[in-house]
Amino acid sequence: NFAIEHFMRPDTGAAGRFNADGFWTRSAFVGLSGGFGAVTIGRTTTSLFVQTLSFNAFGDAFGFSPSIRHYFSSGTTTGDTGWSDAVRYVSPRFGGASFTLHAAEPGNDGGGRNYGASAGWSGGPAALGLAWQSVKRGGAVNDTKTWQLAGSYDLKMAKLFAQYGEVDDDT
């Protein structure tokens, strides 16, 4: 598997989500997948971000989603939605359960290691998830630990979503 993706602002044609954003800041990885699950290396999406999208009625709409705005655009959770110099493992599904492990080593920007994990279960109309991450990377980045418990239930005519999380800023 491989992906090389970048963000583009269609109003100006500029790359990135904002002026200081790099070119390959979406995904840029290679990996292997099979009956064992999937392993990727490079720049990959974090487990916390994937769970926040999965249990969110507004998906990844940064402008409308309270969860996305709180965790990823308010400066509350550090470490971005994707990590460079990362290794990510996604397990195969065991019944309705699966898990993800994620780590990023310091690259050219220094700092410490980032770690993340998530576990989830879905069966029928119900789904549950738990995600955790520790970010200690980058000279200007505060050290944070974040966890989130999430769930959803599909009533057929509407789908209910719930998320609860905490962010500890160690700096």
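These are my notebook entries on a predicted model of one protein chain.

**Entry 1: the layout.** I began with the secondary structure. I found two helices and eleven strands in the chain. Reading from the N terminus, I wrote the order down as β-β-β-β-β-α-α-β-β-β-β-β-β.

**Entry 2: the chain as a whole.** Next I looked up burial, and 32% of the 171 residues count as buried. The exposed area of the chain comes to about 9,500 Å², with 61% of that supplied by carbon and sulfur atoms. I also checked contacts between residues at least 6 apart in sequence: 44% of them join residues at least 24 apart.

**Entry 3: the nonpolar core.** Which residues make up the largest nonpolar core? I listed six: Leu48, Phe49, Ile68, Tyr71, Phe72 and Ala131. Two elements, α1 (47-54) and α2 (66-73), each give two or more residues to this core. The largest share, three residues, comes from α2. A handy background note: in soluble globular proteins, nonpolar side chains tend to be buried together.

**Entry 4: Phe72.** I picked one core member, Phe72, and looked up its contacts. Setting aside neighbours within four places in sequence, I found Phe72 in contact with Leu48, Phe49, Thr52, Phe62, Asp80 and Thr81. Of these partners, Leu48 and Phe49 are also listed in the core.

**Entry 5: Thr40.** My last stop was strand β5 (residues 37-45), where Thr40 lies. Is Thr40 buried or exposed? Thr40 counts as buried because its relative accessibility is 9%, and the cut-off for buried is under 20%. Not counting residues up to four places away in sequence, Thr40 touches Phe29, Val30, Gly31, Ala86, Val87 and Arg88.

Key: Residues numbered from 1 in each chain as written. Predicted model: local features only at pLDDT ≥ 70, side-chain atom pairs only at ≥ 80, totals over all residues. Heavy atoms only, no water. Helix = DSSP H or I, 4+ residues; strand = E, 2+ residues; numbered from the N terminus. Buried < 20%, exposed > 50% of the residue type's maximum accessible area, 1.4 Å probe, protein only. Contact = heavy atoms within 4.5 Å. Areas by Shrake-Rupley, 256 points an atom, 1.4 Å probe, with all protein chains shown as cover. Core = buried A, V, L, I, M, F, W, Y, C linked by side-chain atoms within 4.5 Å.
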